[in-house]
Structure formats: C-alpha cells, structure tokens
Amino acid sequence: MDKLSTQRLPPLKRNWWLKHRFFKLYMLREATVLPLVFFTLCLLAGMVALLQGADSWQGWIVFMGSPIVLLLNLLALAASLFHAATFFVLFPRVMPIRIAGHSLPDQAIVAGQWAGVVAVALLFFWLFGRA
Amino acid sequence: MMDKLAMNKPSMGKNSTQHKQAFDEPLWWGLFSAGGVCFAVFLPAVILFIAVLLPLGLLPAEALSYERASTLLFSVPGFLFVGAVVCLPLFHAAHRLRHGMFDISVGNDALNKKLMYGGAALLSIVALGLVVAGMLG
C-alpha cells in the first residue's frame with residue numbers, strides 16, 4: 001500500500017500517539033529498533049576490528065565496555081526482550097497451528113517461542129560460557 | 001463505449017501504478033517478519049554475551065579471543081550468523097523506522113523508503129562482505 005491516506009484524511013498532529021496508552025506502547029515498540037540499530041553498528045565495527053587484527057579487536061572490546069556504549073547495549077537487550085514479548089503473541093494470530101484437528105492453544109505457541117530464546121541463550125553459553 | 005474507455009483510462013492508469021508500487025510491499029513485510037523473528041529469538045542472547053558479558057570480562061578469557069572469534073566468524077556458520085543477526089534485523093528495523101517516520105510525519109515516505117531499505121541493503125552487503133573478506137584473507 002502506498003501511503004496516500006494523507007491525501008484523503010486530515011493530517012494528524014505529530015503527537016497524536018501521546019494521547020492514548022495503547023498508541024504510546026505502539027510507538028515504544030516501534031522505537032525498539034533504535035537501540036537495535038546502535039548494537040548492529042557496534043557489531044559491524046567489531047567485525048571490521050576483527051578483520052584488522054588482534055590489537056583492533058582488543059580495542060573494540062574496551063570500546064564496548066565504555067559506560068555509554070554498555071548502557072545503550074543494555075537498553076538494546078531490554079528492547080529485544082520487549083520486542084519478543086510483543087512479537088511472539090502475534091504468531092498464533094497470524095498463523096494458528098492445528099495439529100490433528102485441534103488448534104494449539106495460543107499460550108503454547110508463545111511459550112514455544114520463549115523456549116527458542118532460552119535455547120539460543122543455552123547455545124551461546126555452551127559456546128562461550130565454559131572455561 | 002469509446003467514451004467509457006476514455007473515461008476509465010486515467011483511473012485505470014492510476015490503478016496500474018498503484019499495483020506496481022504494491023508489488024514490492026510483500027517483500028518488505030516478509031523481510032520485516034523474518035527479521036522480527038531473528039530480533040526476538042537470537043538478539044537477546046547475542047547482545048547479552050557479546051555486548052554485556054564480554055566487555056564486562058565475565059566470559060572465560062579464551063571464549064572470544066582474537067583467534068577464536070576470527071575462526072568462528074570467518075566461516076560458513078559465521079556467514080549465516082551475520083545473515084540472521086545483522087541483515088534480517090536491519091530490514092526489520094528499516095521497516096519500523098520507515099513506518100514510524102510516517103506516523104510522526106517526518107520526511108516523505110517515497111524517499112524514506114529508499115533511504116531505509118537502501119541503508120539496510122548497503123549495511124547487509126558490507127557485513128556479509130566482511131565475513132567473505134575474512135574467509136579469503
């Protein structure tokens with residue numbers, strides 16, 4: 001859909017979404033990608049550093065430990081979990097799963113996706129967590 | 001009959017351009033969904049380990065040493081990792097930023113669309129190119 005609706009409807013004010021909790025949450029969810037983009041740019045810088053050599057790699061780790069970068073990435077972690085919480089409940093609505101004629105309860109699908117998050121975290125622990 | 005055709009023509013022409021524009025939207029929504037799944041399932045662990053535990057020194061010293069990180073990243077699994085953790089989430093972010101900018105009336109959508117998806121595509125190519133460069137080097 002092209003965004004031509006402004007031609008038919010009176011233009012909204014920029015702060016329209018501040019007037020209702022539902023729309024504020026919607027905007028917060030949209031904003032979860034801002035710290036995500038920050039983290040992605042950090043990751044790209046890390047990949048460049050890794051390509052450059054051992055010293056650059058160590059320098060990148062120090063950079064990642066600076067308070068503001070760490071704080072923004074903690075925000076990205078929180079944003080990813082908030083995004084997950086809002087995204088997982090959409091799945092059963094978009095794609096209900098039926099097994100042997102019975103539809104799987106929504107909670108089961110949501111729980112299955114959280115199990116995926118935990119599984120990935122365990123994989124990372126297996127890769128990086130052991131001495 | 002001819003009058004009717006002539007009358008319909010402009011509106012038909014308009015419709016056909018709208019169809020043309022709608023052509024790419026399923027692709028952007030598809031990438032948005034795929035990126036959303038990756039953002040939700042992979043990113044919490046990735047951010048926790050790489051951006052929090054690593055810089056805080058809470059991982060074993062050799063876990064992401066220069067040698068180990070290079071071996072892990074510059075490989076076929078590393079290439080897939082970048083696709084799932086960098087490229088798809090970038091298109092998810094581009095989509096949300098584009099729609100978010102429309103919601104708060106920033107810029108115009110035709111340009112935002114090109115900038116956002118173009119930016120996501122460019123950074124994706126850079127990211128995958130870095131992995132390939134590391135594999136060759």
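Which residues of helix H4 (residues 66-73) of chain B are buried? In this predicted model, the set consists of Ala69(B), Ser70(B) and Leu73(B). They share a side of H4(B), because the arc they cover around the axis is only 100°. Flip to the face turned away from that buried side, and the exposed residues Glu67(B) and Thr71(B) turn up.

What do the buried residues of H4(B) pack against? The partners come from both chains: chain A supplies helix H3 (33-52) and helix H4 (54-64), while chain B itself adds helix H5 (76-103) and helix H6 (109-136). So Ala69(B), Ser70(B) and Leu73(B), sitting on the same side of H4(B), belong to a set of buried residues with helices of chain A and chain B as neighbours.

Stepping back to chain B as a whole, the fold is plain helix: six helices and zero strands, which read along the sequence as α-α-α-α-α-α. Of its 137 residues, 45% count as buried. Among contacts in chain B with a separation of 6 or more, 73% are between residues 24 or more positions apart. As for the outside, the accessible surface of chain B comes to about 7200 Å², and carbon and sulfur atoms account for 75% of that area.

The UniProt record, an unreviewed entry, puts the annotation "transmembrane region" on residues 27-54, 74-94 and 115-136 of chain B. How do two of these spans look in the model? Residues 27-54 of chain B are 93% helix and 0% strand, with 36 Å between the end C-alpha atoms. For residues 115-136 of chain B, the figures are 100% helix and 0% strand, and the end C-alpha atoms lie 31 Å apart.

Then there are the cysteines. How many disulfides does a search of the whole structure find? The count over all chains is zero. Cys38(B) makes a handy case: the closest cysteine sulfur to its own belongs to Cys87(B) and is 9.9 Å away, which is too far for a bond, since a disulfide needs the two sulfur atoms within 2.5 Å. Cys38(B) also counts as buried, because its relative accessibility is 8% and the cut-off for buried is under 20%. Over in chain A, Cys42(A) counts as buried too, at 4% relative accessibility.

Key: Residues numbered from 1 in each chain as written. Chains lettered and ligands numbered in written order. Predicted model: local features only at pLDDT ≥ 70, side-chain atom pairs only at ≥ 80, totals over all residues. Heavy atoms only, no water. Buried < 20%, exposed > 50% of the residue type's maximum accessible area, 1.4 Å probe, protein only. Helix = DSSP H or I, 4+ residues; strand = E, 2+ residues; numbered from the N terminus. Arc of directions from axis to C-beta. Contact = heavy atoms within 4.5 Å. UniProt positions renumbered as here; feature names shortened; annotations may be inferred. Areas by Shrake-Rupley, 256 points an atom, 1.4 Å probe, with all protein chains shown as cover.
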